[in-house]
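Let's take a walk through this chain, from the overall picture down to single residues. Keep the sequence and the 3D view open as you read.

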Amino acid sequence: MISRRTLVSILLASCLACLTWLNVTPAASALGGKQPPLNEPAPEFTLPTNSGDGEVSLSDYRGKWVVLYFYPKDFTSGCTLEARRFQQDLPEYIERNAQIVGVSADDVDSHADFCDSEGLKFPLLADTDGSVSQAYGSWMGFVSLRHTYIIDPDGILREIFLGVRPAIHSTEVLAHLDELRSVT
């Protein structure tokens, strides 16, 4: 005789198998919303920055690769580690004609303090209302999620990273950037 626990386990496993078989989860969605489509123009934006430039637009970087990374909060452990790794590898990005741009819901003053504290030499953009994070499917109510996008010199979205691990992320991005550059 089959136990109630075994029966429930079999039913649950069967339901999960059916859902997987039916592919109920849309491929273009992730935690944070619908992702912009690959190989199409990346969503345009203009946001205030901590650097002396006032505002930065995606179109300002035409002719360069853009590593657009979203992160939850200045001065938190994971975000600090991720930013430090990007800063450490900044010369390699510059060699590859790539610009790193960070985005979070923190304001310009917080970004300025964060850059000063960590010695960051790339712009951080203040998406205080979350509109740009939403356009990139990286908004969770009041914070940006840890997602990264590689945009080519023509403004076309070429790569999306959703499962970001701050300690190794910059290395992963550089490897993907090299692959993308070798194809174009």
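## The overall picture

Among contacts between residues at least 6 apart in sequence, 66% join residues at least 24 apart. Keep in mind that this is a predicted model. Its secondary structure comes to 6 helices and 9 strands.

Of the 184 residues in the chain, 43% count as buried. The accessible surface adds up to about 9,800 Å², and carbon and sulfur atoms account for 56% of that.

## Helix 6 and its buried face

Start with helix 6, which covers residues 169–183. Its 15 residues reach 21 Å from the first C-alpha to the last, close to the 21 Å expected at 1.5 Å a residue. Which residues of helix 6 are buried? They are H169, S170, V173, L174, L177 and L180. Looking down the axis of helix 6, you'd find these buried residues within an arc of 130°, so they line one face of the helix. Over on the other side of helix 6, T171, S182 and V183 are exposed.

What do the buried residues of helix 6 pack against? Three strands from the middle of the numbering come up, if you go through the partners by type: strand 5 (65–70), strand 6 (98–104) and strand 8 (147–151) are among them. Strand 9 (157–161) is also a partner, and so are helix 2 (77–88) and helix 3 (90–95).

## Helix 2, a packing partner

Helix 2 has 12 residues, which should span 16 Å at 1.5 Å a residue; the end C-alpha atoms are 16 Å apart, so the two figures agree. Its buried residues are G78, C79, T80, E82, A83, F86 and Q87. These pack against helix 6, and also against strand 5, strand 6, strand 8, helix 3 and helix 4.

## A98 and N97, where strand 6 begins

A98 sits in strand 6 and, at 4% relative accessibility, counts as buried. Leaving out residues up to four places away in sequence, A98 touches W65, Y93 and L177. That last contact, L177, is one of the buried residues of helix 6. For another link to that helix, take L174: A98 and L174 are 76 residues apart in sequence, with 9.7 Å between their C-alpha atoms.

N97 is in the loop between helix 3 and strand 6. It isn't a glycine, yet N97 has a positive phi of about 60°. Is N97 buried, partly exposed or exposed? At 32% relative accessibility, N97 counts as partly exposed.

## D106, a buried acid in a loop

Now for D106, found in the loop between strand 6 and helix 4 (108–118). Why does D106 count as buried? Its relative accessible area is 6%, and the cut-off for buried is under 20%.

The D106 side chain has polar company. It reaches the backbone nitrogen of D74 at 2.6 Å, and the D106 side chain also makes a polar contact with the side chain of S104 at 3.0 Å. With residues up to four places away in sequence set aside, D106 touches Y71, P72, K73 and D74, along with H111, A126, D127 and T128.

## Q35 and N39, two residues in one loop

The loop between strand 2 (33–34) and strand 3 (46–48) holds Q35, and N39 lies in the loop between strand 2 and strand 3 as well. Q35 counts as buried at 6% relative accessibility, whereas N39 is exposed, with a relative accessible area of 51%.

Which backbone atom lies 2.9 Å from a polar atom of the Q35 side chain? It's the backbone oxygen of G137. As for N39, its phi is near 65°, a positive value in a residue other than glycine.

## Cysteines

If you're wondering about disulfides, the structure holds 0 of them. Two cysteines are worth finding in the view. C79, one of the buried residues of helix 2, has a relative accessibility of 1%. C115 is buried too, at 5% relative accessibility.

Definitions and conventions:
Residues numbered from 1 in each chain as written. Predicted model: local features only at pLDDT ≥ 70, side-chain atom pairs only at ≥ 80, totals over all residues. Heavy atoms only, no water. Helix = DSSP H or I, 4+ residues; strand = E, 2+ residues; numbered from the N terminus. Expected span 1.5 Å × (residues − 1). Buried < 20%, exposed > 50% of the residue type's maximum accessible area, 1.4 Å probe, protein only. Arc of directions from axis to C-beta. Contact = heavy atoms within 4.5 Å. Areas by Shrake-Rupley, 256 points an atom, 1.4 Å probe, with all protein chains shown as cover. Polar contact = N/O pair within 3.5 Å; in protein donor to acceptor, adjacent residues only side chain to side chain. Disulfide = S-S within 2.5 Å.
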